[in-house]
Amino acid sequence: MARSLIIGAGGQLGTVLTQSLRDIYGNDQVVRSDMRVLDNITGPFEVIDATDADRIEEVVKQYEIEEIYHLAAILSANGEKNPLGTWEINMKTLFNVLEVSRLNGVKKVFYPSSIAVFGSEVDQQNTPQASFLNPSTVYGISKAAGENWAQYYFQRYGLDVRSLRYPGVIGYQSLPGGGTTDYAVDIYHKAIAGEKFSCFLEEHTTLPMIYMDDAIRATIELMQAPKESIKTRTSYNLAGMSFSPNEIAESIRALYPDFEISYDPDFRQQIAASWPQSIDDSRARADWGWKPAYDLKSMTADMIKNLKLKYSTAE
Ligand code: AKB
């Protein structure tokens, strides 16, 4: 018997979330799963392709799972390479998780949404929770639809689905895969290696971002909050900080004065330009007490400290 199942545990968030949940609930209580066998397996692990509902059900029954974190998805930039395939995968995996949960007594589901749900119709500064959603990417369209399905399953079946609209997530523990905000992780790796960084976004493209510690804490606080306090059943706006490539480069230069950045924008610039620059997360603050701890300066200091340690022990 285990408490939680993490689907997509090998991804950027899943890697860190698994460890944090295991620190709280114990190794045996958290089942890690991914499409393929992961390195460094400790504690319970299962291979799950989330497009296969029967396989999810098998694992849910085997461990008597009480809550599922469904982290598997194709992100914004990769999604544009195959729009219909991305829609198919992002929606099918969500429906499988929702149906298996409803039919097998899973009590809670976590569904990650994204700032990618917003598009040209919103005010890009302090974008409000209740905005009109016209996403520019297939990933954003799938997340906007998924949020509504989350609410539908709650209202229709009483399934306790909870969700956050993550900004770009930045952490030293793992690499992101196929997003528009990935540059803000890659840049630190280049700085540590003493290399020049070529950025695929323009110099002054400001986006909402969040440090991994804050993103994980928000996820756990949301999932631990009493049911009555979760009043938004689509997905909560979540803010950490906002910065542009130029500003993150400046913050790195405070520690690596010779660090150089150049700009070579590609198709991801258009995606970034369609997203908010900052987010109003007042509902998350009011309903379940959300408050970020990191700003750009403290994040840069922590990233560099930890990446230096990681690279020195890997040598
Ligand atoms: C992406 O860039 O696609 C993700 C996101 C903001 O959801 N990091």
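1. Start at the spot just after helix α2: in this predicted model, Glu64 takes a positive phi of about 50°. It's an easy place to begin a look at α2, so keep that helix on screen for the next few points.

2. At the other end, the start of α2, have a look at Asp52. One of its side-chain oxygens comes to within 3.1 Å of the backbone nitrogen of Asp54.

3. Which residues of α2 are buried? Within this helix, which runs over residues 53-63, they are Arg55, Ile56, Val59, Val60 and Tyr63. These residues sit on the same side of α2, because the arc they cover around the axis is only 135°.

4. Now turn to what that buried side meets. The buried residues of α2 pack against the strands β1 (4-7), β2 (30-34), β3 (45-47) and β4 (67-70), and also against helix α4 (83-103). On the face turned away from the buried side you'll find Asp54 and Lys61, both exposed. So Asp54 turns up twice: its backbone nitrogen is the one approached by Asp52, and the residue belongs to that exposed face.

5. Next, a residue elsewhere: Gln12, in helix α1 (residues 12-25). Is Gln12 buried or exposed? Its relative accessibility is 14%, which is under the 20% cut-off, so Gln12 counts as buried.

6. As for the company Gln12 keeps, leaving aside residues up to four places away in sequence, it touches Val169, Ile170, Gly171, Ser174, Leu175, Pro176, Val185 and Met212. With Val169 there's a polar detail to check: the Gln12 side chain reaches the backbone oxygen of Val169 at 2.7 Å.

Methods:
Residues numbered from 1 in each chain as written. Predicted model: local features only at pLDDT ≥ 70, side-chain atom pairs only at ≥ 80, totals over all residues. Heavy atoms only, no water. Buried < 20%, exposed > 50% of the residue type's maximum accessible area, 1.4 Å probe, protein only. Helix = DSSP H or I, 4+ residues; strand = E, 2+ residues; numbered from the N terminus. Arc of directions from axis to C-beta. Contact = heavy atoms within 4.5 Å. Polar contact = N/O pair within 3.5 Å; in protein donor to acceptor, adjacent residues only side chain to side chain.
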